[in-house]
Amino acid sequence: MTSAWGWVEETFLRVLNVSWQAALLVALVVVVQRLLRGRISATVRHAMWGLVLVRLLLLWSVPAPFSVYNAVEEVTALFTSSEQPAQSTLLYVDGKLADSTSPDAARAAQAAMAGGSSTTITRVNSSDLPSMPLHSRGLSPWFVGAAIWLAGSTTMIAFMVAQGRTLARRVTKQRLVVKPQVLELLEDCKQRMGVNTWLAMVVTPCVEGPALLGAIRPRLLLPPALLESASSEHLRYVFLHELAHLKRGDILIGWLVNVLLAVHWFNPALWWARKRITADRELACDAHVLSVLNFEERRGYGHALLDQFQKFRPPAWSPGLASVLEGKTNMERRIAMVTQFSETTRWSKAFAACVLALFGVLVLTDAQEPATDISITPADVFTFVADNGGRMIAATITNSGPKDREVAVTFYEGDPDAGGKKINTGALIVPAGGKATEAISWAAQSQSQKYTIVAVVDPENAIQESDESNNRVTQEVSVADRVPSTGSRRQMGGMGGIGAPSVKPSISVVRSTTSAGVGGLGGLGAPSAASGGLAAGRKTTSVSNALKQLGLYFKMYANETPGEYYPPLRLEPAQLLPDLDAKIVSSNGAEGKLLRSYFGDDSEGAMALLDVNRCVYLGFALQSDEDVKAFASAYTKAMENVEGGDIDSDLPNPGPQGPPEKIRRLREGIERFFITDINNPAAGAIEQSQIPTVIEWPDQNKPFGGHVLYMDGHVEYLKYPDQFPMSEETINALRGLAKLPPIKTR
């Protein structure tokens with residue numbers, strides 16, 4: 001069932017893409033028709049709508065550099081935001097869905113940020129999804145849209161079929177025309193039009209004007225009043241018109257138009273286009289009849305049309321029906337064409353054929369995919385040991401294109417061209433303009449041995465790239481016995497906290513007696529690369545990535561702190577920032593690392609953000625404007641007596657009695673105090689995703705808005721003033737604590 005819905009969602013996205021292209025094509029057809037007015041015949045005008053139908057039928061088409069949709073893609077790109085929306089993290093271990101609330105999942109999220117990517121996403125196998133609760137997956141807007149679209153299309157098609165069958169059943173109960181003179185007149189008209197199809201003639205009150213019904217077994221429907229009052233000459237023109245519909249295949253085209261409209265029922269441009277198609281169809285049918293008539297007969301045909309409009313009305317709509325009368329609004333155009341009709345010359349036909357061919361080439365091809373390049377470097381291949389002792393091989397892949405790409409990567413021990421052993425193949429989605437890391441199990445034989453690893457990206461050449469030379473790299477690696485708690489990024493495999501020892505030493509946190517770092521960014525002496533900072537040598541340029549890096553450092557700090565607390569707030573008034581001089585000291589008094597030692601040489605990345613004029617660090621679990629208001633009051637009271645107080649622990653709620661009794665310090669597991677649905681296995685992950693840790697001031701951006709780092713490590717950009725924590729009440733309460741002026745929205 002899940003696989004079927006995945007197919008429906010994918011089809012819906014294709015339908016949306018084709019639908020907007022068809023809407024643009026409708027506008028282009030109208031423009032071309034107006035520009036070539038008088039130079040193309042009614043038949044060619046109607047044929048141009050066939051391009052719209054073909055476009056709607058082609059869910060997939062050939063990309064071409066001359067496609068008209070290339071220009072639209074370029075215009076759309078101008079309005080595309082450079083900020084990518086936060087992506088949901090689906091975590092898999094060797095292809096199996098991991099519990100999003102497990103410590104492994106949290107460390108895997110850290111791994112993605114340590115590797116410099118926004119998210120690590122691997123292929124979702126449809127067989128895995130049923131084991132995951134629906135509320136933990138969530139309903140994507142495209143899934144909901146696909147369901148609504150499918151329901152609407154099914155309803156419309158069912159209605160059309162029922163309408164057609166109802167009319168057909170009613171007609172079968174009516175009597176056939178058996179008058180010899182009428183049947184002989186019909187046979188004469190069939191011979192003149194070159195029609196050999198058998199055609200029954202039915203007298204029925206089901207229609208109020210002559211009409212042709214059915215594409216397989218066509219029947220000519222005549223109202224009783226027409227046979228009683230019309231002259232044989234009048235009937236002859238009616239028969240010629242309906243036979244023209246039959247010869248041109250207008251009933252089949254009508255069904256096709258209505259079925260496609262049912263599929264694209266949400267597109268108002270196509271509803272309008274159907275009226276234009278019907279109007280141009282009648283003009284083309286009139287032109288076909290006029291082409292077999294002489295000058296005097298053409299005048300008689302025009303008089304017959306006028307008489308029809310005066311005495312009869314168009315029949316009720318049915319998908320398999322074509323009538324002489326298709327609305328009186330088009331009458332003036334039809335009469336004008338009758339009076340001005342002239343035979344189409346050979347040159348006119350050649351010109352029309354060229355116009356249709358050129359127009360078809362431009363609109364029936366698709367926009368070319370923008371140039372893309374999937375790349376990997378030797379430094380992007382690394383190893384690590386998981387908590388369970390399993391050895392892993394991983395690679396970080398870069399996508400320089402403007403679209404997310406599904407990429408496969410294959411690992412080998414040794415050169416595959418020289419008999420190297422294949423380890424395995426992984427697959428992942430690499431975000432546009434970003435990176436993603438794929439890790440798979442590796443049965444390495446020895447920890448001390450050096451291995452020559454060859455990583456091949458896109459081994460099947462499924463992606464067309466501007467540069468294929470950077471898809472294969474060779475790297476010498478080794479696997480340690482375990483992942484050390486400190487060390488360089490490459491030692492830890494670039495995977496953050498993954499593989500850290502599960503048994504933590506007995507340690508405590510004290511404040512350094514040095515004054516470095518007090519007073520803002522200026523005094524923060526960044527350690528050298530030799531200090532082993534995780535991000536040593538890497539410059540983080542975007543606010544989003546810098547905040548994700550901060551989230552990683554906080555998680556790493558918490559993993560080595562008793563109680564798994566996040567960094568404490570500075571004791572200096574108006575400095576709502578983490579205390580970078582918080583030091584980890586073991587139980588025997590041996591000094592450990594400072595918080596800022598995690599940063600390494602990161603002066604242009606996460607470190608540069610730690611300025612109270614740019615952002616604020618909360619340090620406490622707050623989930624609403626009311627929580628922030630209570631925190632502001634409690635924090636102010638604690639700062640009044642900072643020597644005796646302690647803002648490195650929970651604060652009493654100074655508000656009215658009632659929950660929560662405490663304003664709780666941020667620490668791993670704090671989310672359990674906020675869970676209301678204990679039966680939801682994903683509740684913990686959901687709560688972590690709603691607890692902000694760092695907030696960028698909204699006045700740093702125009703229009704107002706800022707990035708927010710949440711406890712689970714993801715970053716969102718929120719407009720100001722909007723939802724918590726980017727609400728006016730919360731932002732200005734925090735700015736009051738930071739001694740900054742409030743942000744006015746007007």
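**Notes on helices, sheets and salt bridges**

1. Let's start with a cluster of charges: Arg192, Glu233, Arg236 and Glu297 are joined in a network of salt bridges. Keep in mind that this is a predicted model. As background, side chains of opposite charge can pair when their charged atoms come close. By the rule used here, the count of salt bridges comes to 14.

2. Two members of that network, Arg236 and Glu297, turn up again where helices α9 and α12 touch. On the α9 side you'll find His234, Arg236, Tyr237, Val238 and His241, and they meet Glu297, Gly300, Tyr301, Ala304, Asp307 and Gln308 of α12. Sorted by type, the residues of this contact are 4 nonpolar, 4 polar and 3 charged.

3. How do the axes of α9 and α12 cross? Helix α9 covers residues 232–248 and helix α12 covers residues 295–311; their axes come within 9 Å and cross at roughly 90 degrees. Angles of 65 to 115 degrees count as roughly perpendicular, and α9 and α12 are therefore roughly perpendicular to each other.

4. Next, have a look at an open sheet with 4 strands. Reading across, the order is β19-β22-β23-β24, and the pairing is antiparallel. Which strands stand at the edges? They are β19 (615–617) and β24 (715–719); each has a single partner strand, so one side of each has no neighbour in the sheet. From one strand to the next, the twist averages 25 degrees.

5. Zoom in on one pair in that sheet. Strand β23 (residues 705–710) runs antiparallel to β24, and 5 bridges join the two. If you want a spot to click on, glycine 705 sits opposite lysine 719 of β24. Helix α15 (residues 543–559) packs on this sheet and touches β19, β22 (692–696), β23 and β24. The direction of α15 makes about 25 degrees with that of β23.

6. Helix α15 also takes part in a salt bridge, through lysine 555. The partner is glutamate 668, and the closest N and O atoms are 3.2 Å apart. Glutamate 668 lies in the loop between β21 (662–663) and α18 (683–688), so this pair links distant parts of the chain, 113 residues apart. Are these two buried or exposed? Both glutamate 668 and lysine 555 are buried.

7. Here's another pair worth finding: aspartate 286 and arginine 334 form a salt bridge, with the closest N and O atoms 2.6 Å apart. Aspartate 286 belongs to helix α11 (residues 268–290) and arginine 334 to helix α13 (residues 331–340), so the pair ties together parts that are 48 residues apart in sequence. Why do we call them buried? The cut-off for buried is under 20% relative accessible area. Aspartate 286 counts as buried because its relative accessibility is 0%, and arginine 334 counts as buried because its value is 1%.

8. Glutamate 282 has a salt bridge too, with arginine 281 as its partner. Their closest N and O atoms are 3.2 Å apart, and both residues are buried.

9. Last stop: strand β13 (residues 435–441). Of its 7 residues, 5 are buried, so β13 is largely enclosed by the rest of the structure. Strand β10 (residues 391–399) pairs with β13 in the antiparallel sense, over 7 bridges. One place to see this is threonine 396, whose bridge partner in β13 is threonine 437.

Terms used
Residues are numbered from 1 along each chain as its sequence is written. This is a predicted model: local features need pLDDT of at least 70, side-chain atom pairs count only at pLDDT 80 or more; totals for chains, interfaces and linings use all residues. Side-chain values use heavy atoms; hydrogens and water are left out. Axes are lines fitted to C-alpha atoms, for helices over the stretch in contact, and angles run from 0 to 180 degrees between N-to-C directions. Angles under 35 degrees count as roughly parallel, over 145 as roughly antiparallel, 65 to 115 as roughly perpendicular and the rest as oblique. Contact means heavy atoms within 4.5 Å. Ala, Val, Leu, Ile, Met, Phe, Trp, Tyr, Cys and Pro count as nonpolar, Asp, Glu, Lys and Arg as charged, and the others, Gly among them, as polar. Two strands pair if DSSP finds at least two bridges between them. Buried means under 20% relative accessible area, exposed over 50%, partly exposed in between (1.4 Å probe, protein chains only). A salt bridge is a side-chain nitrogen of Lys or Arg within 4 Å of a carboxyl oxygen of Asp or Glu.
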